[in-house]
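Thanks, everyone. I will go through one model this morning, starting at the symmetry axis and working outwards.

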2 protein chains.
Amino acid sequence: MWVIDNQDYLGKLDGWNRSAQFADGLFETMRIHDGKILGLPQHVARLSNDLARLNIQPPAGDLSDLLSSYAHTMADMSHVADGVMKVIISRGDSERGYGYHDEIKPHITVFYNQAAQLPDSVYTKGVDVVLLQTQCAIQPQLAGIKHLNRLENVLAKKELGTQAFEGLMQNHLGLIIEGAMSNVFFEHQGQLITPKLTLSGVAGVMRQHVLAFADKLGVKIEIRDISIDELAGFEHGFLSNSVMGIVPVKSLMQRDVKIGKLTMQLLKAWQSGVIYE
Amino acid sequence: MWVIDNQDYLGKLDGWNRSAQFADGLFETMRIHDGKILGLPQHVARLSNDLARLNIQPPAGDLSDLLSSYAHTMADMSHVADGVMKVIISRGDSERGYGYHDEIKPHITVFYNQAAQLPDSVYTKGVDVVLLQTQCAIQPQLAGIKHLNRLENVLAKKELGTQAFEGLMQNHLGLIIEGAMSNVFFEHQGQLITPKLTLSGVAGVMRQHVLAFADKLGVKIEIRDISIDELAGFEHGFLSNSVMGIVPVKSLMQRDVKIGKLTMQLLKAWQSGVIYE
């Protein structure tokens, strides 16, 4: 792992701030190909939007240039051109107490790892998806934001263990929200259906790519509440996130499902890079 | 501010771990008097219970001895005998990803500050309490735990600003849960009423002291769901937390309230230290 902490390049980072005290910040996980960030404009748009929602001061300068320069430096210094870059932007440093001064400066930490190669079968055959007990919080002011309050994902991942590739989480209202580490889509009678994320969950950048690309294809899209009972009726499904792209589902809560036609189109669009255009 | 990070005493701490990445940990805020922790057994009990709920490995050795030794060292090195000690226990260090190894070791960081002296009027006249828009998350697996996912408290504190001493937060079901930085109690017809924290909120140690002491006094206690509409009907109220103790309410959502008899009893029990016995 390679780390840059507030402009300093370090082998190992030690950094204390409001991220560690209150999870008072955001993060963004980006796939780097040939030293460049895939889907950069979408990452920048999401980050800007989420910073504004949390009233966190944006870093000085152009965010797009900043992220690109981090990616370039990381790829260069690590000699790893294809990696995963995680950027944490916290509100900054402060002492004890939830309050903060208006002049507080954001603190940026950047992590870089070699991209883990998933087995081919993940994409050709699909993966098993189960339903978890661990819930997604209901918190409208935080819903959709990729903030640092991720304890429930940690618990979900632990509960999932090795029983399946991914586990779906519901909220207290019994609505399906997302996977422990991905967004989820269902393909049914040619339509694309995905959970509404106004009460719970993280609106992933790859989810945005999927929605935009499906729209271009003229596919009917439903973003809505999905109850657990409905899962039994959906024909196909897939997962999305910025690191692993589009992952078809081969079983949903122990029920075998085939890989759908639209899923295959989206998977190919991701593999070829067309989905980022 | 004085800091100890994993046994090292530092003027300023830099520490990176799962607390900063995922808010994967707990914290405990304790009042130190004469180098000793007030309500130590209750803090230890709560911490042990919350560590177990999150499946975080407890620190090696006796937790009570460990906290006492931190308090002693801090009071000694800072020459501040009466302070506030904040202890963060995170699950430990790991690289990218929500998963962790079973052998992961907890990481402890200890902060120490001089105790801020609240004006006398806070205790003699009471404080203003308003209702905030910022909600408490609904997440049963995390409810009650003093974990590090505190972004909503940060937002609540920001919303509160200088409009009042404290702001109450509700959850998405319209239930009153707690203040941005305290638990809340209502005194009505001689009864003590406080929100149930099974879906949302933090079960503070001072809340435990209040409940135990009221029980000793033979007071009828109701721990239950409280809707916003009910707030208009309660005769008296007070706030509690480990740092500021018991704080009477003088206005509740712009309605003047008198300080109740039971509130005064509890306040005196805290001021004299009897509440800790």
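A20(A) is the residue of chain A that comes closest to the rotation axis, with its C-alpha at 1.9 Å. Keep in mind that this is a predicted model. The axis itself comes from superposing chain A on chain B, which takes a rotation of 180° with 0.0 Å of shift along the axis and leaves an RMSD of 0.0 Å. That is the relation of a two-fold axis.

Next, the contact between the chains. How many residues does each chain put into it? Chain A gives 43 residues and chain B gives 43 residues. On the chain A side, the elements that each supply at least two residues are α1 (18–22), β5 (83–90), β6 (107–114) and α5 (151–160). The largest share of that side comes from α5(A), with 7 residues. By residue class, the side of chain A that touches chain B has 21 nonpolar, 13 polar and 9 charged residues. Of the interface residues in chain A, 100% are also interface residues in chain B, so the copies meet through the same surface.

Now to helix α5, this time in chain B. Is it enclosed or open? In α5 of chain B, residues 151–160, 8 of the 10 residues are buried, so the helix is largely enclosed by the rest of the structure. The buried ones are L151(B), E152(B), N153(B), V154(B), L155(B), A156(B), K157(B) and L160(B). What do they pack against? Their partners are α1 of chain A together with β8 (166–170) of chain B. So the packing of α5(B) involves an element of the other chain as well as one of its own. Just after the helix, G161(B) has a positive phi of about 55°.

Within chain A, the domain assignment gives domain 1 (2–114) and domain 2 (120–276). Their C-alpha centres are 25 Å apart. At the contact between them, 18 residues of domain 1 of chain A meet 11 residues of domain 2 of chain A. On the domain 1 side, β3 (25–33) and α2 (40–53) of chain A each supply at least two residues. Strand β3(A) gives the most to that side, with 7 residues. The residues of the domain 1 side divide into 7 nonpolar, 6 polar and 5 charged.

Last, two backbone outliers. Q189(A) has a positive phi of about 50°, although it is not a glycine. Where does Q189(A) sit? Its place is the loop between β10 (183–188) and β11 (191–195) of chain A. Q189(A) has 8 C-beta neighbours inside 10 Å, so it counts as exposed.

The other one is H79(B), also not a glycine, with a positive phi of about 60°. H79(B) lies in the loop between α3 (63–78) and β5 (83–90) of chain B. Is H79(B) buried or exposed? With 6 other C-beta atoms within 10 Å, H79(B) is exposed.

To go back over the main points: chains A and B superpose by a rotation of 180°, and α5(A) gives the largest share of the side of chain A that touches chain B. In chain B, helix α5 is largely enclosed, and its buried residues pack in part against α1 of chain A. That is what I have for today.

Methods. Residues are numbered from 1 along each chain as its sequence is written. Chains are lettered from A and ligands numbered from 1 in the order in which they are written. This is a predicted model: local features need pLDDT of at least 70, side-chain atom pairs count only at pLDDT 80 or more; totals for chains, interfaces and linings use all residues. Copies are superposed by least squares on the C-alpha atoms of residues with pLDDT of at least 70 in both. Two residues are in contact if their C-beta atoms, placed from the backbone, lie within 7 Å. Helices (H or I, at least four residues) and strands (E, at least two) are DSSP runs, numbered from the N terminus. A residue is buried if 20 or more other C-beta atoms lie within 10 Å of its own, exposed if 12 or fewer, and partly exposed in between; C-beta atoms are placed from the backbone. Domain bounds come from an automatic or database domain assignment. Ala, Val, Leu, Ile, Met, Phe, Trp, Tyr, Cys and Pro count as nonpolar, Asp, Glu, Lys and Arg as charged, and the others, Gly among them, as polar.
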